[in-house]
Amino acid sequence: MENMDQRLVSIFDENADTPLVRESLRDVIKLSGVLNELREYFEEPLKVLHMLQLLNLIHEEALGLEQPLENASALYYRYRNRYGTEPPVSVDRLLNVLEKYNWIMRGKRRILMMDVGKRLMDVLIRLANDSLAYYMRDEIARSLFQAARDADLSEAYDDKGISGGNRLASMVRNVEEAVDKLQERQLEFLSDRHALPQVQIIVELMGQLDKRLNERMDKMKTFEEGLKWDRLFKKGTFVMLQGTQISLSTLQKILKFAHIRETEIGVQIDSMAFKQYVIDSFHKKPDSAQPNGTEILSFMEQDRDEGERLDGLWIPVKFASPIPERQITSAIEYLENYKPSIDPIESDIIEEFTDAKEWTEHELNDHMENAAWQMTKTMIRTEDVERVLSLHKQIGIEPLILEAGSEQWADAINALLAISAVVSNRQAEIFRESSEAEEPDLEESAREKEWEWLDESDRRYVVRTT
């Protein structure tokens, strides 16, 4: 809980050019890449379930809950033994896509789950389970479930110093939606005798919201810290006030219905009493407990006495604006004189042909090279090397490695891979300077590094953009 006083880790508060932001967003790219390449299996609910079942088998093995998976055949037979049917997708294709986006690594003896794969599979499985739990509730209970989930996420993320995405504001919104639904459908819930459970849900939601608001206020040390939360606190207080009012109103109506049930039923109509009731309905006193006509019909809908429902008709409907007499007359004449057409519908099919696009052999080679280059960039990070070359046009290999990578050994290896990819795809060329050329920059050579050249003469290599 002490991490609440620190700045929350949020992707929206970081500089977009920092390596950490780029690296974290690459995980989102890897998730979208898998969903895109297997999109035909993520377009129908049943296919999504089969795909999640396959991913769950790989996930269980990574967690040590099942025996290791040696290859695609092992995954195929494990799925068939578990679910009794063959996998809906080619297992080899699935593993190739997962390996392409670094979710897994296929070794000689087993399939290894990478860290990014574990986290992304957790996201998909948790999303499906949360959705199932959400739709198992009724409309207002869903708001309670979502508010409870928001509170759990707030404890799991915000309280640990990681932004969970404005969970407190989401809780306020859930309470507001639950109050609006109860207000709109109050008489319907009363007639179905479901009003009291809905009021209990509203009260529980408001209790959770009040607790979270108080916890947030207790952690504020200065007046300035509370200014940015002022609007949310006011909205939360107003929503709880509305929830209290609608809850009390609903409870009063429940008591009214109980009172109506105990009222003696007359056997004849008293015209004077009915006239007085109409007058009192239009000029109702604030402290009057007399129900209006809609409430009486709603009570009769409960059918507590057999056949009572047939004595009244309760239809909560909104009438449209008045229709002019001329339009009504026109519609009646149209219906009276309407003659359906029996002639077949003829439609001219206009075929459109697109001219074939022709490429010369040279253009075709350019397109093929560009496609190969884009595929290479998805596997190897070349952005930093390209950025340095765009600035210098020609630069020694050691300054290029230090500027595109760093003094660390792992960054140097990645930079060399990127240089190799750029050169092999003809985006740059590498050549060795003659011995008569000037010596490499001594300042760059003197920098402390975790790596050194095996052959000092390799410092003379120069990379130049083409």
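1. Val172 is a good place to start: this residue is buried, with a relative accessible area of 0%. Val172 belongs to helix α7, which covers residues 167-184. Setting aside neighbours within four places in sequence, its contacts are Leu209, Leu232, Lys235, Gly236 and Val239. You may also like to look at Asp210, which is 38 residues from Val172 along the chain, with 9.7 Å between the two C-alpha atoms. Please keep in mind throughout that this is a predicted model.

2. Here is the overall picture, for orientation. The protein chain has 19 helices and 5 strands. Of its 466 residues, 30% count as buried. If you take the contacts between residues at least 6 apart in sequence, 64% of them join residues at least 24 apart.

3. Val463 is another residue worth displaying. Val463 sits in strand β5, residues 461-465, and its relative accessibility is 1%, so Val463 counts as buried. Beyond the neighbours within four places in sequence, Val463 is in contact with Leu389, Lys393, Gln394, Ile395, Leu400, Ile419, Ala428, Glu429 and Ile430. Gly396 is 67 residues away from Val463 in sequence, yet their C-alpha atoms are 6.1 Å apart.

4. Lys393, one of the contacts of Val463, deserves a backbone check. Its phi is near 65 degrees, a positive value in a residue other than glycine. Lys393 is found in the loop that runs between α16 (383-392) and β3 (394-396). Asn102 also has a phi near 65 degrees, again positive and again in a residue other than glycine. The loop holding Asn102 lies between α4 (91-100) and β1 (104-106). With 33% relative accessibility, Asn102 counts as partly exposed. As background for both entries, most residues other than glycine have a negative phi.

5. Now to helix packing, beginning with α2 and α5. Two packed helices are described by the angle between their axes and the distance between the axes. For α2 (residues 45-62) and α5 (residues 115-135), the axes come within 10 Å and cross at roughly 130 degrees. Angles of 65 to 115 degrees count as roughly perpendicular and those over 145 as roughly antiparallel, so α2 is oblique to α5. The crossing of α2 past α5 is left-handed.

6. Which residues of α2 and α5 meet? On the α2 side they are Leu52, Leu55, Asn56, Ile58, His59 and Ala62, and on the α5 side Lys118, Met121, Asp122, Leu124, Ile125 and Ala128. By class, this contact of α2 with α5 is made of 8 nonpolar, 2 polar and 2 charged residues.

7. Helix α5 also packs with α1. The axes of α1 (residues 19-37) and α5 come within 11 Å, crossing at roughly 65 degrees, and α1 passes α5 in a right-handed crossing. Asp27, Lys30 and Leu31 of α1 make the contact with Val116, Arg119, Leu120 and Leu124 of α5. The residues here divide into 4 nonpolar, no polar and 3 charged. Leu124 appears in the list for α1 with α5 and also in the list for α2 with α5.

8. Asp27 merits a closer look within that contact. This residue of helix α1 has a relative accessible area of 15%, and buried means under 20%, so Asp27 counts as buried. Not counting residues up to four places away in sequence, Asp27 touches Val116, Arg119 and Leu120.

9. Finally, a word on the aromatic rings. The structure holds 4 aromatic pairs. One of them joins Tyr76 and Tyr77 in an edge-to-face arrangement, with 5.1 Å centre to centre and 85 degrees between the planes. Tyr76 is partly exposed, at a relative accessible area of 21%, and Tyr77 is partly exposed too, at 43%.

10. Why is the pair of Tyr79 and Tyr83 tilted? The ring planes are at 45 degrees, with the centres 4.9 Å apart; planes count as stacked under 30 degrees and as edge-to-face over 60, so the pair falls into the tilted class. Both residues lie in helix α3 (residues 72-83), 4 residues apart, about one turn of the helix. Tyr79 is buried, with a relative accessible area of 1%, whereas Tyr83 is partly exposed, with 31%.

Definitions and conventions: Residues are numbered from 1 along each chain as its sequence is written. This is a predicted model: local features need pLDDT of at least 70, side-chain atom pairs count only at pLDDT 80 or more; totals for chains, interfaces and linings use all residues. Side-chain values use heavy atoms; hydrogens and water are left out. Axes are lines fitted to C-alpha atoms, for helices over the stretch in contact, and angles run from 0 to 180 degrees between N-to-C directions. Helices (H or I, at least four residues) and strands (E, at least two) are DSSP runs, numbered from the N terminus. Angles under 35 degrees count as roughly parallel, over 145 as roughly antiparallel, 65 to 115 as roughly perpendicular and the rest as oblique. A crossing is left-handed if the near helix is turned anticlockwise from the far one by less than a right angle, and right-handed if clockwise. Contact means heavy atoms within 4.5 Å. Ala, Val, Leu, Ile, Met, Phe, Trp, Tyr, Cys and Pro count as nonpolar, Asp, Glu, Lys and Arg as charged, and the others, Gly among them, as polar. Rings of Phe, Tyr and Trp (its six-membered ring) pair if their centres lie within 6.5 Å; planes under 30 degrees apart count as stacked, over 60 as edge-to-face and the rest as tilted. Buried means under 20% relative accessible area, exposed over 50%, partly exposed in between (1.4 Å probe, protein chains only).
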